[in-house]
Amino acid sequence: MTGWRRSSSPRPFQSGAVRALCMTAAGASLLSLLTGCGVLTGGSGGSREPVTVMTWAPVGTNATNLPGMPAMAKAYARWVNASGGIDGHELRVLTCNERNDTAGAAECARRAVQEKAVAVVGSYSQHGREFMAPLEAASIPYLGGYGVTEEEFTSFLSYPVNGGQAALLAGNGLQLARNCDKTALVRPDTITGDDLPELLNSGLAKGKRGPATDIRAAEDATDYTGASGRARESAQDGGCVTAVLGDRTETFFDSYRRLPEDGRDIRVSSVLGSVGQPLINRTGGKNGPFEGAYLTGWYPVASDPAWKPMRDVIDTYAFGDNDIDPADPGAQTTWIAYTALKAVIESVNSDTITPGKIADTLDRGVRVDTGGLTPPLRWRYEDMLGTPGFPRIVNGNVTFQVVRDGRLVADKKGFVNVAETLSGAH
């Protein structure tokens with residue numbers, strides 16, 4: 001798996017042609033033209049430099065794919081650049097296919113270094129060691145990763161916007177403890193997957209339930225009949241089966257619903273990112289296998305009004321890109337990560353943005369308001385959870401959701417903080 005200050009007003013960046021025109025003007029005309037060409041009053045007289053960042057995610061692989069993350073990043077750049085950039089800086093977004101393998105993750109990180117990216121923003125990779133080492137060597141911050149690796153919550157240059165897979169699993173345990181006598185967890189038979197049972201069990205224990213039955217399954221299998229049978233047998237009547245297999249979660253539940261009926265009442269569950277509204281729709285909506293399913297997410301349900309700014313950007317600047325689903329937590333995480341980047345750049349208020357300025361501003365406590373999609377975010381030492389394994393978590397909140405009449409709705413209003421639960425997981 002799986003204190004902020006804003007500048008008083010944005011300054012439009014200049015195209016090369018306009019800069020050239022400005023430089024050829026003379027005399028009084030020069031002064032007049034320069035004023036119209038965006039020279040910074042009270043500054044050195046030069047235009048603000050573009051800001052280059054990178055977003056990566058796996059695309060077209062046999063396991064988890066998140067094409068909506070780089071697509072969301074590009075749409076965000078079109079949006080801010082259409083209104084003068086971020087604090088006068090043109091935003092240049094590089095994208096990279098991480099390919100779900102170690103070589104791909106390292107290659108993307110090296111490219112970010114070579115292209116002089118000032119940050120990696122809103123990205124996904126399971127291979128934290130491979131991508132963080134090159135970034136740390138070049139002092140490039142990793143802002144708003146999806147949250148599936150240990151390095152995202154331990155590296156001094158990582159600035160997470162959510163509690164990652166850890167918070168989802170701990171939260172899922174809390175959610176299931178309210179309703180399930182017994183729980184079976186189906187998860188990838190991978191190193192990352194090995195952490196999931198302990199996290200889920202921390203939430204179950206908080207709700208005074210026993211540990212889940214741990215059922216390992218291949219991350220890229222095409223049939224899960226065996227794992228489905230073991231899960232249903234372990235959950236027993238009145239229990240729950242939760243599966244966290246990324247893109248293969250759909251395959252698992254397809255196998256699960258093909259099992260012969262045995263009369264037992266067993267609820268199904270997962271976390272957002274493994275199951276979402278598009279999957280619920282594809283599998284029959286209110287008549288499908290996910291009706292009544294419990295789901296744990298990081299953010300409010302996709303229908304929440306707080307998502308309207310993101311939806312508006314997608315509608316206007318994504319140009320019909322079908323890779324972006326506003327209900328996809330990957331695209332949502334990228335939106336929030338770029339919201340944080342914008343706040344940081346505005347707080348820096350400098351003609352030139354560097355990796356060091358980004359990291360220093362984050363460390364000093366720039367405050368990011370995400371419009372209710374998360375609590376306000378800050379990355380000072382005192383804001384961090386400090387728990388072994390997840391010391392850099394600054395947002396330990398999750399949301400409980402449920403499928404009713406084929407739609408994902410809130411199972412509990414507002415956020416549920418699982419920081420204390422995570423502290424008991426290690």
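Good morning. I begin with helix H6, where 14 of the 14 residues are buried, so this helix is largely enclosed by the rest of the structure. The model before you is a predicted one. Helix H6 covers residues 164-177. Does its length fit, and what span should one expect? At 1.5 Å a residue, its 14 residues should span 20 Å, and the C-alpha atoms at its ends do lie 20 Å apart, which agrees.

Let me turn to the open sheet. Five strands, that is 5, form it in the order E2-E1-E3-E4-E5, with parallel pairing. Its edge strands are E2, residues 91-97, and E5, residues 158-159, each of which pairs on one side only. Further in, strand E1 (residues 51-57) and strand E3 (residues 119-121) pair in the parallel sense over 2 bridges. Here Val53 stands opposite Ala119 in E3.

On the edge strand E5 we find Ser158. Is Ser158 buried or exposed? Its relative accessibility is 1%, and a residue under 20% is taken as buried, so Ser158 counts as buried. Leaving aside residues up to four places away in sequence, Ser158 touches Tyr142, Glu151, Glu152 and Arg392.

A further group of strands centres on E10, residues 294-297. Which residues cover its two faces? On one side Tyr294 and Thr296 are buried, and on the other Leu295 and Gly297 are buried as well. Strand E10 has partners of two kinds. With strand E9 (residues 267-271), E10 pairs in the parallel sense over 3 bridges, and Ser270 stands opposite Leu295. With strand E11 (residues 397-404), E10 pairs in the antiparallel sense over 4 bridges, and Gly297 stands opposite Thr399. In addition, E9, helix H10 (residues 277-282) and E10 make a right-handed β-α-β unit.

Finally, I come to a pair of helices. How do H3 and H11 meet? The axes of helix H3 (residues 68-82) and helix H11 (residues 308-317) come within 9 Å and cross at roughly 85 degrees. The two helices are therefore roughly perpendicular to each other. From H3, the residues in contact are Met72, Ala75, Tyr76, Arg78, Trp79 and Ala82, and they meet Met310, Val313, Ile314 and Tyr317 in H11. As background, an α-helix has 3.6 residues a turn, so residues three or four places apart point the same way. Thank you for your attention.

Conventions: Residues are numbered from 1 along each chain as its sequence is written. This is a predicted model: local features need pLDDT of at least 70, side-chain atom pairs count only at pLDDT 80 or more; totals for chains, interfaces and linings use all residues. Side-chain values use heavy atoms; hydrogens and water are left out. Buried means under 20% relative accessible area, exposed over 50%, partly exposed in between (1.4 Å probe, protein chains only). Two strands pair if DSSP finds at least two bridges between them. A crossover is right-handed if, with the strands pointing away from the viewer, the path from the first strand over the helix to the second runs clockwise. The expected span of a helix is 1.5 Å times one less than its number of residues. Axes are lines fitted to C-alpha atoms, for helices over the stretch in contact, and angles run from 0 to 180 degrees between N-to-C directions. Angles under 35 degrees count as roughly parallel, over 145 as roughly antiparallel, 65 to 115 as roughly perpendicular and the rest as oblique. Contact means heavy atoms within 4.5 Å.
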